[in-house]
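Reader: Before I set up any calculation, I would like to go through this protein with you, starting from its overall make-up and then turning to individual elements. Could you take my questions in order?

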Amino acid sequence: MQPIAVAGFDDWRAAARELIVRRVPPESVQWTAPGGGGDLFGAVAGPAPAPGAADQPAASVNQGAACVAAASVSAAPALPAPRVPRELMDLLQRAACYRADDRWAFLYKILWRWQQGQREVMSMADEDGSRLHGMARAVRREEHDMHAYLRFRERPAGEGEPRFVAWFEPAHDVLPQVARHFAERMGRTTWLIATPDATVLWDGAALHTTGPLAHGAADIEDEGEALWLTYYRSIFNPARLNPDVMHSHVRSRFWKNMPEGALVPDMVSQAAAGARRVGQASAVGRRSGTTIPIAAEKAQPERQQPHTLDECRRCELWEHATQAVPGEGAKKARIMLVGEQPGDQEDLQGHPFVGPAGTLLDRALAQAGIERSKVYVTNAVKHFKWEPRGKRRLHKTPAQKEILACHYWLEGELEHVAPQVVVALGSTALKAVLEDSHAALKDYMDQPVQHAGRWVVATYHPAYVLRVPGADEKARALAAMVAALRAAAKIAYE
């Protein structure tokens, strides 16, 4: 077996190109990666040398790589490069940031299969393709989370550069691209981001990286943090507290390194004990400064934290709907059916799939040998979105922001019903179930895929079967729906 050491995507790409040209199969390669360490400010303090200087740190951030890529192997000799589409290369580059023991071997397997003519490797219906897309999706979400939850803290003025420092514990290797994000937005202000695996410094002109230099958020001091915490206490509104929504918006692993995280448990306890009033903390009133008169109603922050579906105002759809339509069915069903949104009849009656589409769904379930009473039926969006056409209300496809706003309720249903299989009826339902706005129904119609610990089966929405032109096309679409339901039943009951 041929051992190859790589430290990042650029190294892997060079090595993989040579291996592909030499026709070395994946099972004949062993991939390995290195590590590092040092002192928090001693290794990076002071301005960075000019590019090209002899004393420039060897571990400068590679602006073209998608994750840390300090050189640890010699570049591969110039050889004919494999022909790889840009879409696949982008997927490989992003997935390379996903932390997995076998990531380099897995990425090479993907590349090898593509070069062997197995184009299905890019499809979500393929086992390897599904994992590749899942890795890329997880990396994108980690980048977003690091943008949102990283907290810079200001260092004492007499301690020199960098001016701001931050600690974060990313689940994947997203530090370099996140560092570029902050470099673009913070101008010439110097800062440092420390993580358990690497440290990045912005000197106001260039990014530099080294190994891990801090052990945690406790290594970072901030004289202004007390002011921020006092402000946070002052805007906390116990009357509108909904802990479930709060924790669904900010995952638990981020709370421990956010300054306000230490305050939340006590404030939640006080709210539960009856502190149902809003007012400034006394510490704020004692601070000197200019008094700015403001009406009390304007000082109250607006927050959307509904306790029940009927109270939901997370988007504007409630304004024109008769009522919210919750899911129905077995409390612990093995199969959950997720549609797009309530229709006209569902909006009036308050129950899912009771109109013409519901009648066709009952017919498909019967042909598949599934009792509707044993499954759970719901929609990705809980309010009817429509547009007037004469005296009729015609269905209008929900926007992505409305799907995202309603995902809170779908997550709750998935948690409580705990289905083994989720049948996504139509494209909107598929996007909601996979939490992927780019998911296309045609890519998932062939076979079930796994997501978040459960199987997902995709098929047409009954409304599509009703409106598709031609008897033959209707019969084909219905047959596809019945086949998908049978596949779901096979997974759930066998």
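Author: The model is a predicted one, and the protein in it has 17 helices and 15 strands.

Reader: What share of the residues counts as buried, and what share of the contacts with a separation of 6 or more joins residues 24 or more positions apart?

Author: The chain-wide burial is taken over the 494 residues of the protein, of which 46% count as buried. For the contacts with a separation of 6 or more, the share that joins residues 24 or more positions apart is 73%.

Reader: Which residue is at the centre of the kink in α14?

Author: Helix α14 covers residues 400-417, and at 1.5 Å a residue its 18 residues should span 26 Å, which agrees with the 25 Å between its end C-alpha atoms. The helix nevertheless has a kink of about 40°. The residue on which this kink is centred is His-407.

Reader: Is Glu-413 in that helix buried or exposed, and what is its relative accessible area?

Author: Glu-413 lies in α14, where the buried residues also include Trp-409, Leu-410 and Leu-414. Leaving aside residues up to four places away in sequence, Glu-413 touches Pro-326, Gly-327, Met-336, Tyr-376, Thr-378, Lys-382 and Ala-418. Because buried means under 20%, Glu-413 is classed as buried, with a relative accessible area of 10%.

Reader: Which residue follows α14, and what is its phi near?

Author: The residue that follows α14 is Ala-418, which is also among the contacts of Glu-413. The phi of Ala-418 is positive, near 50°.

Reader: How many disulfides does a search of the whole structure find?

Author: A disulfide is a covalent bond between the sulfur atoms of two cysteines, and the criterion is a sulfur pair within 2.5 Å. The closest cysteine sulfur to that of Cys-315 is in Cys-406, at 6.3 Å, which is too far for a bond; for Cys-406 the closest is in Cys-312, at 5.8 Å, again too far. Both residues are buried, Cys-315 with a relative accessible area of 17% and Cys-406 at 7%. Over the whole structure, the number of disulfides found is zero.

Reader: Which strands stand at the edges of the open sheet of five strands?

Author: The sheet has mixed pairing and the order β3-β4-β5-β6-β7. Two of its strands have a single partner strand each, so one side of each is left without a neighbour in the sheet. These edge strands are β3 (152-154) and β7 (207-210).

Reader: What angle does the direction of helix α5 make with that of β5?

Author: Strand β5 (residues 191-194) pairs with β4 (residues 164-167) in the parallel sense over four bridges, with Leu-192 of β5 as the bridge partner of Val-165. Helix α5 (residues 175-185) packs on the sheet and touches β3, β5, β6 (199-202) and β7. The angle between the directions of α5 and β5 is about 155°.

Reader: What separates the C-alpha atoms of Leu-111 and Arg-17?

Author: Leu-111 is found in helix α3 (residues 103-115) and counts as buried at 5% relative accessibility. Residues up to four places away in sequence aside, Leu-111 touches Trp-12, Ala-16, Ile-20 and Val-84. Although Leu-111 and Arg-17 are 94 residues apart along the chain, their C-alpha atoms are separated by 9.3 Å.

Key:
Residues are numbered from 1 along each chain as its sequence is written. This is a predicted model: local features need pLDDT of at least 70, side-chain atom pairs count only at pLDDT 80 or more; totals for chains, interfaces and linings use all residues. Side-chain values use heavy atoms; hydrogens and water are left out. Buried means under 20% relative accessible area, exposed over 50%, partly exposed in between (1.4 Å probe, protein chains only). Contact means heavy atoms within 4.5 Å. The expected span of a helix is 1.5 Å times one less than its number of residues. The bend at a residue is the angle between axes fitted to the seven residues ending there and the seven starting there. Two strands pair if DSSP finds at least two bridges between them. Axes are lines fitted to C-alpha atoms, for helices over the stretch in contact, and angles run from 0 to 180 degrees between N-to-C directions.
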